[in-house]
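Subject: Structure handover

Hello,

Please find the structure below, ready for you to load. My notes on it follow.

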Amino acid sequence: MTTLPRKPPPHRCWAEIDLAALERNLRLIRASLPAHIRYVAVVKADAYGHGLHQTAARLMHAGADLFAVANVTEAAALRELGPGWPILILSPLLPEEDSYLAEYDLAATVSCLDEVRRFDAAGRAAGRPIAVHMKIDTGMGRLGVWHPEAPALCQEIMNSPHLKLAGVFTHFASPDDDPNFTAEQRHRFLAALARCPGLDQKSIFVHADNSSGLESMPGAGLFNAVRVGLLQFGILPHPNSMLAQVRTEPVFSFHTRVGLVKDLPAGTGISYGRTHLLRRDSRVAVLCAGYGDGLPRAASNRGQVLIRGRRCPILGRVTMDQTVVDVSDVPGVACGDEAVLVGRQMDNEISIAEFSRWADTIPWETLCSVTKRVPRIYRTALGV
Ligand SMILES: *Cc1c(COP(=O)(O)O)cnc(C)c1O
């Protein structure tokens, strides 16, 4: 005998993912770039928490040229969608992961001679060449071969019978706030490429720019691809970004519901630690979301939510499953009302940038912090 309810219970906290907006964003970003620039869709970390399969399928439909993920597990999940799409792994591989490159037809990032030898051996063992993108460290100090040593590594790749050079790239350390250093990184990259013998730049992906980099991207030159993560989700990399002109739309919004409304007298302490004392007789609403869903505890006593189109401040500490907000000034709030944590409600909006600032973090981390408990609801209709 089953005790499961016949109808699934309602969502208490959920994220809405607007796939039509995602597709429009890709097309807008593409239209803002020179026609020959190829689009590398960065979909690591479950497509920034948006859901890998749904997001990547829509980006394929919209015409992404290459997909970039963090690791072999993500790449294998993406490969389930079908053969033929080039997939680049951005992180270094563990030695036990090498054989998956051929098995799933993946391209690896190469930063050192040891990797060249390992991947060449994996290609030999599999009887098919392994695609690699050589990464050049032009000042990020993380992955990549240090730039003066890039030509020698490039030569090793070209001399490896079981490797196929499919791209060369670098990554910027401060594209938002240090245009001079970004220009220096571009210069180091191009100077290194100029010293790579026999490199046919037209036949491979040459890429440096992430979302922020696009602001200073030269119109032409040797670059023929961009790696877009955050911007395709309709989020600007920083508040004064010139990319606002591209007019992308947010893909992600974050919702919960009011579970309880009650009146409390002035002086009552709210939530663990009683870090907020009510200054007046108040009406509070208890929301069905907390840090167990990805509403950060750091937003305690700082954040706001939208209920009935009005901003309601968070009172006291955010807890695992519940958060208390002040609804004294919002008439008619009732159990079951929707509360928007990120997104629009009527004429009001909380952006993911604002939400992230309340928790002293950045939109990238906010998106990665929405937990497994939160179902992603996909909206797929085309239209405005
Ligand atoms: C994550 C990542 C990107 C995408 O960056 P956004 O700022 O989200 O556009 C590009 N390149 C590399 C190497 C990355 O790790």
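I start with Ser356, which has a relative accessibility of 0% and therefore counts as buried, the cut-off being under 20%. Bear in mind throughout that this is a predicted model.

Helix α9

Ser356 belongs to helix α9, which covers residues 352-358. Setting aside neighbours within four places in sequence, Ser356 has contacts with Thr361, Ile362, Pro363 and Thr366.

Phe355 is in helix α9 as well. With a relative accessible area of 4%, Phe355 is buried. Residues up to four places away in sequence not being counted, Phe355 touches Phe254, Gly294, Leu295, Pro296, Leu341, Val342, Ile350 and Thr366. One of these partners, Pro296, is 59 residues from Phe355 in sequence, and the C-alpha to C-alpha distance for that pair is 9.3 Å. Thr366 appears in the contact list of Ser356 and in that of Phe355.

Glu354 is placed in helix α9 too. Its contacts, again without residues up to four places away in sequence, are Arg311 and Glu349. Between the C-alpha atoms of Glu354 and Ser211 there are 19 Å in space and 143 residues along the chain.

Domains and cores

The protein divides into domain 1, residues 19-237, and domain 2, residues 252-379. Their centres, taken over C-alpha atoms, are 38 Å apart. Eleven residues from domain 1 and nine residues from domain 2 take part in the contact.

The largest nonpolar core has 108 residues, and the members that touch the most others are Met134 and Ile307. Residues of this core come from both domain 1 and domain 2, so the core lies between them. Another core, of seven residues, lies apart from it and includes Ile270, Leu278, Leu315 and Val324.

For Met134, the contacts beyond four places in sequence are Val110, Val145, Ala150, Leu153, Cys154, Ile157, Leu165, Gly167, Val168, Phe169 and Cys196.

Helix α3

Which residues of helix α3 are buried? In this helix, residues 52-62, they are Leu52, Thr55, Ala56, Arg58, Leu59, Met60 and Ala62. As background, an α-helix has 3.6 residues a turn, so residues three or four places apart point the same way. The buried residues of α3 pack against three helices and two strands by name: α1 (19-31), α2 and α4 (72-79), together with β2 (38-42) and β3 (66-69). After α3 comes Gly63, with a positive phi near 105°.

Second largest pocket

The second largest pocket holds about 520 Å³ of space. Its lining consists of 26 residues, of which Lys44, Tyr48, Arg142, His171 and Asn210 are the closest to the centre. Two elements, α2 (44-48) and β10 (225-228), each give two or more residues to this lining. By type, the lining residues are 13 nonpolar, seven polar and six charged. Helix α2 thus has two entries in these notes: it is packed against by the buried residues of α3, and it contributes to the lining of the second largest pocket.

Regards

Methods
Residues numbered from 1 in each chain as written. Predicted model: local features only at pLDDT ≥ 70, side-chain atom pairs only at ≥ 80, totals over all residues. Heavy atoms only, no water. 1 Å grid on protein atoms, 1.4 Å probe; cavity = no way out; pocket = protein on both sides within 12 Å on 5 of 7 lines; lining within 4 Å. Points joined across faces, edges and corners; volume = space filled by probe spheres on them. Helix = DSSP H or I, 4+ residues; strand = E, 2+ residues; numbered from the N terminus. Nonpolar A, V, L, I, M, F, W, Y, C, P; charged D, E, K, R; others polar. Buried < 20%, exposed > 50% of the residue type's maximum accessible area, 1.4 Å probe, protein only. Contact = heavy atoms within 4.5 Å. Core = buried A, V, L, I, M, F, W, Y, C linked by side-chain atoms within 4.5 Å. Domains from an automatic or database assignment.
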